[in-house]
Amino acid sequence: MLPLPALLALTTTVFLGCLTEVLPAGLLLGMSEELGVSPSATGQLVTVYAITTALTAIPLTGATLRMPRKRLLLVLIFGFLATNLVIAVSSSYPLILATRVVSGALTGVMWSLVAGYAMRLAPPGLTGRALAVAMSGTPIGFALGVPAGTALGEFAGWRWAFAAMALISVPLLVWVSASVPAVPPESAGPTRPLAASRLPGMRPVLATVALFSLGHNVAYTYIGPVLAGLGAAPMLGAALLVFGCATVGGLVAVGSALDSRPRAVLLTCSAVTAAAILLMGMSDGVPGLVLAAAALWGLGFGGAPTAFQAVTALLAGPTADAAQSLTIAAWNGAVAGGALVGGLLLPLGTSPLPWCAALLVLSPLLFSRRVVLSAPADRSRSRR
């Protein structure tokens, strides 16, 4: 039986981290007007966050490997409280930008920590489901948190959206303190992230993570222009809502299969996501096809991050926390890279974007045989 109170506390932590990262995109215009900067400058609050997460996940995870896991989790949540509160009360764009750098660094460590923590709390044979429960905070954040935070920002002002995230942190600190069991830091061994990267099968997995994230973000970052090019610009809001809701279903499907066939799940996510992006590009703006593509895209994407982290943990065994930092760095580096590649392609028109994105997402299938699991699904429990 899964320890749901503890896992749901981790879910809320992931939800908070996801919301902290992406919410400024939904508050962009209000923040730009009040801070006196351009919308593009406000958009950099998201870009800088992702780049910081990518650059700091590996060194900061390595530096905190010997710290008790529960203490580190509480420090990270308190960090989200402090940084969101600073942004809520600040009128200085440079200070807010610097605070976003700190938040991005906290998030890099959080992603590395939570995945391993959830799997260590699970009974044998249920590590995949435990990871899926913990990581469900991400699709819930996209499907519910971002729209709710955006609506709050439009109704009461963008500062209240950040204040709400700070307020969420207060009961979360109490919840984690009361219900999440303490687990020890990593044991002796090749715990450093760069050492973990040399484990058999790890580099193909990291390549799969980077190419999937790169392709997804080439298309997702510019989904508005892509739909406009198809004559379906009014469908953007509905498509994003369908995508967000479908990610929850994708995560549920992945969680039910991770413990038995993790590699097959990972590769299926890539294939389904690529097919959905191609369907979107070939939909000719037909509303039913656009929404079907968005739903399929959400299903493929929803469980992918969890599948990547599960496979990483299975390969890494007792060095899972260190290895997770490599996955986080690869994923977030590709987030920024996808926006860059898509921006370079955009002057050529929107039609090449879905094809380029699908090719990138599918390319890991070429070396899928090298993504070999060398451990049973409950190997991570050897760290307990």
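The following dialogue examines how several structural terms apply to this predicted model.

Mentor: This is a predicted model, in which local features need pLDDT of at least 70, side-chain atom pairs count only at pLDDT 80 or more, and totals for chains, interfaces and linings use all residues. Residues are numbered from 1 along each chain as its sequence is written, and side-chain values use heavy atoms, with hydrogens and water left out.

Trainee: What makes the contact between E34 and R159 a salt bridge?

Mentor: A salt bridge requires a side-chain nitrogen of Lys or Arg within 4 Å of a carboxyl oxygen of Asp or Glu. The side chains of E34 and R159 meet at 2.9 Å, N to O, and the pair therefore satisfies the definition. The structure holds 1 salt bridge.

Trainee: Which parts of the chain does the pair link?

Mentor: E34 belongs to helix 2 (residues 28–35) and R159 to helix 8 (residues 158–179), with the two positions 125 residues apart in sequence. Helices here are DSSP runs (H or I, at least four residues), numbered from the N terminus.

Trainee: Why is R159 called buried, and why is E34 called partly exposed?

Mentor: Buried means under 20% relative accessible area, exposed over 50%, and partly exposed in between (1.4 Å probe, protein chains only). R159 has a relative accessible area of 17%, so R159 is buried. E34 is at 48% relative accessibility and therefore counts as partly exposed.

Trainee: How do you know that helix 4 and helix 5 are roughly antiparallel?

Mentor: Axes are lines fitted to C-alpha atoms, for helices over the stretch in contact, and angles run from 0 to 180 degrees between N-to-C directions. Helix 4 and helix 5 pack at an angle of about 150°, with their axes 9 Å apart. That makes the two helices roughly antiparallel, because angles over 145 degrees count as roughly antiparallel, under 35 as roughly parallel, 65 to 115 as roughly perpendicular and the rest as oblique.

Trainee: What is the angle between helix 10 and helix 15, and why are these helices called roughly antiparallel?

Mentor: Helix 10 (residues 202–220) and helix 15 (residues 304–316) pack at about 165°, their axes being 10 Å apart. These helices are therefore roughly antiparallel to each other.

Trainee: What is the handedness of the two crossings?

Mentor: The crossing of helix 4 and helix 5 is left-handed, and that of helix 10 and helix 15 is left-handed. The term applies if the near helix is turned anticlockwise from the far one by less than a right angle; a clockwise turn is right-handed.

Trainee: Where is S91 placed, and why is S91 called exposed?

Mentor: S91 is in the loop between helix 4 (69–89) and helix 5 (93–121). Its relative accessibility is 60%, so S91 counts as exposed. The C-alpha atoms of S91 and G36 are separated by 9.5 Å, although these positions lie 55 residues apart along the chain.

Trainee: What is notable about phi of D284?

Mentor: Phi of D284 is near 55°, a positive value in a residue other than glycine. Most residues other than glycine have a negative phi. D284 is found in the loop between helix 13 (262–281) and helix 14 (287–302), and at 61% relative accessibility D284 counts as exposed.

Trainee: Why is G298 called buried?

Mentor: G298, in helix 14, is at 0% relative accessibility and therefore counts as buried. G298 and L241 are 57 residues apart in sequence and 9.8 Å apart in space, C-alpha to C-alpha.

Trainee: Why does L144 count as exposed?

Mentor: L144 is found in helix 7, and its relative accessibility is 56%, so L144 counts as exposed. G145 also lies in helix 7, but with a relative accessible area of 6% G145 is buried.
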